[in-house]
Amino acid sequence: MNVYFGLGSNLGNRLQNLRNALTKLSSLGKVIKCSDVFATAPWGGVEQPDYLNACVSVDVDDSMTPPGLLACVKEYERELGRVPSVRWGERKIDIDILLIEGMTYHSDTLDIPHVSMCERLFVLVPLMQLVPREWTHPVNGKTIGEMIGALEGESYPLRIMGL
């Protein structure tokens, strides 16, 4: 199954942190595609350094469940030096499960698709490089272009390099 992840870092060597996360995610399966890396202002109102963000798609074994995937991601974050902090605060690495192709999922700890992805250009812009042009959100039915257009006036991520 094709799983789309969002990556973010705003502490330490941000680019290397993203690359380390990509290496960890590659242990789940074959990396299909990586977006470019984007520099973005922090989101959520907490004063902190700017982020580097990217998205990646990985072909994960179909036997992996969403809770199992979340457990792996949380372990990877700990191994890569993420320390608990305030909500939307600074972090060495953030790995979010954005989408699982052909699936929706809801629990107390996980929503697939990611519950806030439609509000975040720093997710949608790199994700647009990975999904088919005609892709539509399985819950709201909007194309990725429509979701990006709805956020007009938001701070647009600056593309800086490939991952």
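A nonpolar core is a set of buried Ala, Val, Leu, Ile, Met, Phe, Trp, Tyr and Cys residues joined through side-chain atoms within 4.5 Å. Buried means under 20% relative accessible area, exposed means over 50%, and partly exposed lies in between (1.4 Å probe, protein chains only).

The model is predicted: local features need pLDDT of at least 70 and side-chain atom pairs count only at pLDDT 80 or more, while totals for chains, interfaces and linings use all residues. Residues are numbered from 1 along each chain as its sequence is written, and side-chain values use heavy atoms, with hydrogens and water left out.

**Exercise 1. The nonpolar cores**

Task: State how many residues the largest nonpolar core has and which elements give two or more residues to this core.

Solution.
Step 1. The largest nonpolar core has 27 residues. Those with the most contacts inside this core are V3, F5, L25, L28, L69, I95 and I97.
Step 2. Two or more residues come from each of β1 (2-9), α1, β4 (51-60), α2 (66-79) and β5 (94-100). Helices (H or I, at least four residues) and strands (E, at least two) are DSSP runs, numbered from the N terminus.
Step 3. Another core, of 19 residues, lies apart from the largest one; L98, M117, L121 and L127 are among its residues.
Step 4. Consider F5, with contact taken as heavy atoms within 4.5 Å. Leaving out residues up to four places away in sequence, F5 touches residues including L25, L28, L69, I95 and I97.
Step 5. As a general background, nonpolar side chains tend to be buried together in soluble globular proteins.

**Exercise 2. Helix α1**

Task: Compare the expected span of helix α1 with the distance between its end C-alpha atoms, and find on which side its buried residues lie.

Solution.
Step 1. The expected span of a helix is 1.5 Å times one less than its number of residues.
Step 2. Helix α1 (residues 14-25) has twelve residues, so it should span 16 Å; its end C-alpha atoms are 17 Å apart, which agrees.
Step 3. The buried residues of α1 are L15, N17, L18, A21, L22 and L25.
Step 4. These residues cover an arc of only 160° around the axis, and are therefore on the same side of α1. The arc is that of the directions from the helix axis to the C-beta atoms.

**Exercise 3. Strand β5 and the salt bridges of D94**

Task: Describe the surroundings of β5, then determine which residues form salt bridges with D94.

Solution.
Step 1. Strand β5 is mostly covered, with seven of its seven residues buried. Six bridges join β1 to β5, and the two strands run antiparallel; strands pair if DSSP finds at least two bridges between them. G8 stands opposite D94 in β5.
Step 2. A salt bridge is a side-chain nitrogen of Lys or Arg within 4 Å of a carboxyl oxygen of Asp or Glu. By this rule, the count is six.
Step 3. R82 and D94 meet in a salt bridge (2.8 Å, N to O). The pair links distant parts of the chain, R82 being in the loop between α2 and β5 and D94 in strand β5, twelve residues apart. R82 is partly exposed, at 23% relative accessible area, whereas D94 is buried, at 13%.
Step 4. D94 also meets R91 in a salt bridge (3.5 Å, N to O). R91 lies in the loop between α2 and β5 and is buried, at 11%.
Step 5. Salt bridges that share partners join K74, E77, R82, R91 and D94 into one network.
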